Amino acid sequence: MEYDFRTVEDKWRKFWAKNQTNKIGEDFDKPKFYVLDMFPYPSGAGLHVGHPLGYIASDIYARYKKLQGFNVLHPMGYDSFGLPAEQYAIQTGQHPALTTEQNIARYRDQLDKIGFCFDWSREVRTSSPEYYKWTQQIFIKLFNSWYNPKNNRAEHIDTLISIFENEGSKGVTLEILTGEIEKEVLPFSAAEWKSFDERKQREILMHFRLAYLGESFVNWCPAMGTVLANDEVVNGVSERGGHPIERKLMKQWSMRITAFAQRLLDGLNDIDWSESIKETQRNWIGRSEGCSIFFPFLKEFTPKDTSSMGENSSKIEVFTTRPDTVFGVSFVTLAPEHELVDKITTNEQRQEVETYVEKAKNRSERERQADVNTISGVFTGAYLEHPFTKEPIQVWVGDYVLVGYGTGAVMAVPAHDERDYKFAKHFGLPIKQVINPSNPEHSMEQEAWTEKEGEVINSDFLNGLQVKIAIKRAIEEIEKNYFGRGRVNYRLRDAVFGRQRYWGEPIPIYYKDEVPYALNYDDLPLNLPEVDKYLPTEDGEPPLARAINWKYQNEYNYEFSTMPGWAGSSWYFLRYLDPKNPNDLFSQEKVNYWKNVDLYIGGSEHATGHLLYARFWTKFLFDRGIIPFDEPFKKMINQGMILGRSSFVYLVIGENKFVTNSIKDHFKHAAIHVDISLIDNDKLNINEFRKWRPEYAEAEFICEEDGSYVCGYEVEKMSKSKYNVQTPDELVDKFGADTLRMYEMFLGPLEQTKPWDTKGITGVNGFLRKFWRLLHPTENIFSVSNELGHEKEMRVLHKTIKRIREDLDRYSFNTCISTFMIAINELTDLKCNKKAVLEPLVVLIAPFAPHFSEELWEKLGNQAGTVTNQSYPEYDETFLIESNFDYPISFNGKMRTKVNLSLQLTAKEVETYVLQLDEIQKWMENKSPKKVIVVPGKIVNIVL
RNA sequence: GCGGAUGUGGUGAAAUUGGUAGACACGCUAGACUUAGGAUCUAGUGCCGAGAGGUGUGCGGGUUCGAGUCCCUCCAUCCGCACCA
């Protein structure tokens, strides 16, 4: 009998569960370390081998930190609200809670098999009322907060109310609050504020709340019957399901994440995340510096209806990053949705403009994006006055201008902007050059000069300046003349927060006379009500409108939309700190101890969703004094995807005959995916294949010379339809959890995308058995010697300890596995059977192969289950000192031979000794060396 | 188009500060043993060459006694973003 992993692993799984070995408390005397995995959504498909990759890495690291004396928090839970369960509910009528429960049970079963040290007593589920009660409370806190641009932090809405009471609206800097506030809120005095009724006051406050109900253009997905946030839309279709998206003006709950744009950007500099994720977030936030410029209308074109617009109505505000080109403006273009379009269009142009706007508005996002090269637009008939030159400027409408970015209006400088150039060429509008290109070969006839380089010309006071200087100078002049002001613009939009769906957190809002009010904390949780169907009502209301007698104080309607998937996951890492706390989100004592996550491992696909929202909520909670840090995840590693290795058989077209890989090209063939369980080492199990599908039962096979049928392969994503899915369960059954853990790490660097190759797992399995044999030299009977390790053995041990520690410290898990293999190979060669050498190795491998390690630890005479409480072995430098070294001797940098020399020798001694050797003279070809480089302990290089 | 990452044997990969390229493992070849197996052990395995030797880290240059590693140019693949004013 060999190492029986089934018995051993089963024994320790039960032991850990019974003794709650992984339960962790707050030990304030110990330093803390918080290792977290990204929150899984428990899908019906269960786990494939790609999913646990990150969990294994974090588990190894968590166990390593534990052995280093840290108090390690390593929890797991479920992001259990979400669309798939709801879609399933719609199809089958089964309550999503039930499906979710079943999926979680399957996940838990799969996770338990792999031997993770999760503290399951801390498990959270976003869909349980004990959890979403607190998500709702955070929503209310956001609702009751505003962003104070003077203090640059979120504050309770009361501080805003007191400003209004004392100073009126002029005491608030409006511009940073976004949401088109400048246009929507008319100035008022303190006295006026006090005279407003509650409805009016609440309407004004709504423009400032961090969770607010506002009218905006949203991504409406008709197929799913809900709105989606920008990060849930990819290339104009929904990220999940790929359904078309329309832009629609709707009243929606949103989160004012834009108020935090600058801090979300700045914070990236202080966190240890991959450059690519940080860059993705920077792009998403999209900061651009420039200025806004007001172009006043020529008198006869000033719109008459100005009641709701304030004083800005006589001007159009544009945003530009190139104020240096202001003298090159030849027209202004408005987005089709721009609210002024209708008001300024002249009667002659009205017909044409309305047709165009109507068409542009109805185009879906996807159409609009697919069609970026078609130039379209229409003249409104209106004219503006250039602020500096006083020349008349035409106002156009064009769908290349986006309503959601900047002011929805651009000053067109065709000579120095590609889109403006194309637009001007297409419509025959003037092109006025104001920059002399720094590249003399550039032709203004061919294309615009868009580089921020060159000398300004034809531009009055800017003439002769270089672009970068001219930009600053232009802003100064614009501000001096009150034509506009320097301004920072962000691409980031406020995040739409309501979903017209059932399976999510109810938004804790009720309506009194159509005015939204937040629930009190005492009213929470606002439970998700039962409904007869998970579909919208006949009136198009969300599913929650179906709930019977679901009213606040039996009187007021609740909000019918629910929260999006990212609500619960934006703060879950905080609830783990104190998951059962019935009185608060978490206790201050615990949050002060555990603080933020030290190591976060997960995929990079959440770069602009979860990872941005969690940072946003963290900053908010920090501002409101609820947590003592403002970044959630100090260090993050993004594990690479594990791709499947699909196998193919080649069907001869028109026959029920398959041809083997090497000669397939001699036939007209079609490649067909074949289930990887029917393949061993690329060879097809023909009998099983015949049984796999009835139509192949009688198939013929043209084989290799040796009679085997060899399949082809391709590396692609794992999916059921490609028959290349490898589940961890199967591998645990065949090889054991410890082997699976080590093999997943052995595949390659954690961050890298890599193909799954089932074959290689035998190597790791063999390694563990080889290790086992060192302690079971004959007949699988445990036996170790109590002799002291001799020099060579001790060197192997200490070299290994050193390398493992160094590799773990730089998260290089794959090289750890090779290091272990090398150590066991060397000790096997040395026939080492000594406890003094092997026992430290058993502790060293505990984070990687915990079941294996526990078993050997116990056999070595230690108390069962205590290997997790040991100290991680330290290396002793004295064992690593070598007396001799095989110096590689190279000639002109090419290694030719080696000479074993004492490391005591100085460089000069090495040189003298080496040069007189016959072996070396042979290579010298009777020349005398020009130069001899000796790097002690490294190399000798002789230059001829 | 912009930004990020990656290019090393038949395969997954290693080489941490410039110093023996290919450790470790899979696969393959040959052999030993045998309850014929997806077990274990031994030897070999970058490429060319019988050998001496030559050659080799995507291509081409450069710096250096010495480059997978540093610098420049180009190419390929993957991932973001993309009418962002």
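# A tour from Ser646 to RNA strand B

Select Ser646 first: its relative accessible area is 0%, so Ser646 is buried. You are looking at a predicted model.

**Stop 1: around Ser646**

Show the strand that carries this serine. Ser646 sits in β26, residues 642-652. Now add Asn724. The side chains of Ser646 and Asn724 meet in a polar contact of 2.9 Å. Asn724 has company here. Setting aside neighbours within four places in sequence, the contacts of Ser646 also include His673, Gly712, Tyr713, Glu714, Glu716 and Lys722.

**Stop 2: Tyr723**

Move to Tyr723. This residue belongs to the loop that runs between β32 (712-716) and α22 (728-735). Check its backbone. Tyr723 is not a glycine, yet its phi is positive, at about 55°. Is Tyr723 buried, partly exposed or exposed? Its relative accessibility is 27%, so Tyr723 counts as partly exposed.

**Stop 3: Tyr482**

Another tyrosine comes next. Select Tyr482, in the loop between α16 (467-480) and β18 (484-490). Tyr482 also is no glycine and has a positive phi, about 60°. Its relative accessible area is 74%, so Tyr482 is exposed.

**Stop 4: a cis peptide bond**

Select Leu524 and Pro525 together. The peptide bond that leads from Leu524 to Pro525 is cis, and its omega is near -5°. Pro525 lies in a loop, with β21 (515-518) on one side and β22 (551-552) on the other.

**Stop 5: Asp598 and Lys32**

Go to strand β24, residues 597-602, and pick out Asp598. Buried means under 20% relative accessible area. Asp598 has 12%, so this aspartate is buried. Which side chain makes a polar contact with that of Asp598? Show Lys32: the distance between the two side chains in this polar contact is 2.7 Å. Then widen the selection. Leaving out neighbours within four places in sequence, Asp598 touches Lys32, Phe33, Tyr34, Lys634 and Lys635.

**Stop 6: helix α3**

Select residues 83-92, helix α3, and colour Ala85, Glu86 and Ala89, which are buried. Why do these residues fall on the same side of α3? They cover an arc of only 95° around the axis, which puts them there. The general rule helps: an α-helix has 3.6 residues a turn, so residues three or four places apart point the same way. Now add residues 96-112. This is α4, and the buried residues of α3 pack against it. Look just past α3 too. Gly93 has a positive phi of about 80° there.

**Stop 7: RNA strand B**

Show RNA strand B and the residues around it. How many residues surround the strand? There are 54, and those that come nearest are Thr321, Arg419, Leu747, Arg769 and Lys898. On the RNA side, sugar and phosphate supply 62% of the strand B atoms that come within 4 Å of the protein.

Start with the phosphates. Select Arg491: an N or O atom of its side chain is 3.1 Å from a phosphate oxygen of RNA strand B. Next, take Arg810. One of its polar side-chain atoms is 3.3 Å from a phosphate oxygen of the strand.

Then turn to a base. Select Asn941, where a polar side-chain atom lies 2.7 Å from a base oxygen of RNA strand B.

Now colour the surface near the strand by residue type. It holds 20 nonpolar, 16 polar and 18 charged residues. Which element gives the largest share of this surface? Select residues 813-829: this is helix α26, and it contributes six residues.

**Stop 8: zoom out**

Hide the RNA and view chain A whole. Its C-alpha trace spans about 100 × 85 × 75 Å along the principal axes. Switch to cartoon. Chain A has 30 helices and 37 strands. Of its 944 residues, 54% are buried.

Next, think about how the chain contacts itself. Among contacts with a separation of 6 or more, 72% are between residues 24 or more positions apart. Last, turn on the surface. The accessible surface of chain A is about 42800 Å², and carbon and sulfur atoms hold 47% of it.

Technical notes:
Residues numbered from 1 in each chain as written. Chains lettered and ligands numbered in written order. Predicted model: local features only at pLDDT ≥ 70, side-chain atom pairs only at ≥ 80, totals over all residues. Heavy atoms only, no water. Near = heavy atom within 4 Å. Polar contact = N/O pair within 3.5 Å; in protein donor to acceptor, adjacent residues only side chain to side chain. Helix = DSSP H or I, 4+ residues; strand = E, 2+ residues; numbered from the N terminus. Nonpolar A, V, L, I, M, F, W, Y, C, P; charged D, E, K, R; others polar. Buried < 20%, exposed > 50% of the residue type's maximum accessible area, 1.4 Å probe, protein only. Arc of directions from axis to C-beta. Contact = heavy atoms within 4.5 Å. Areas by Shrake-Rupley, 256 points an atom, 1.4 Å probe, with all protein chains shown as cover.
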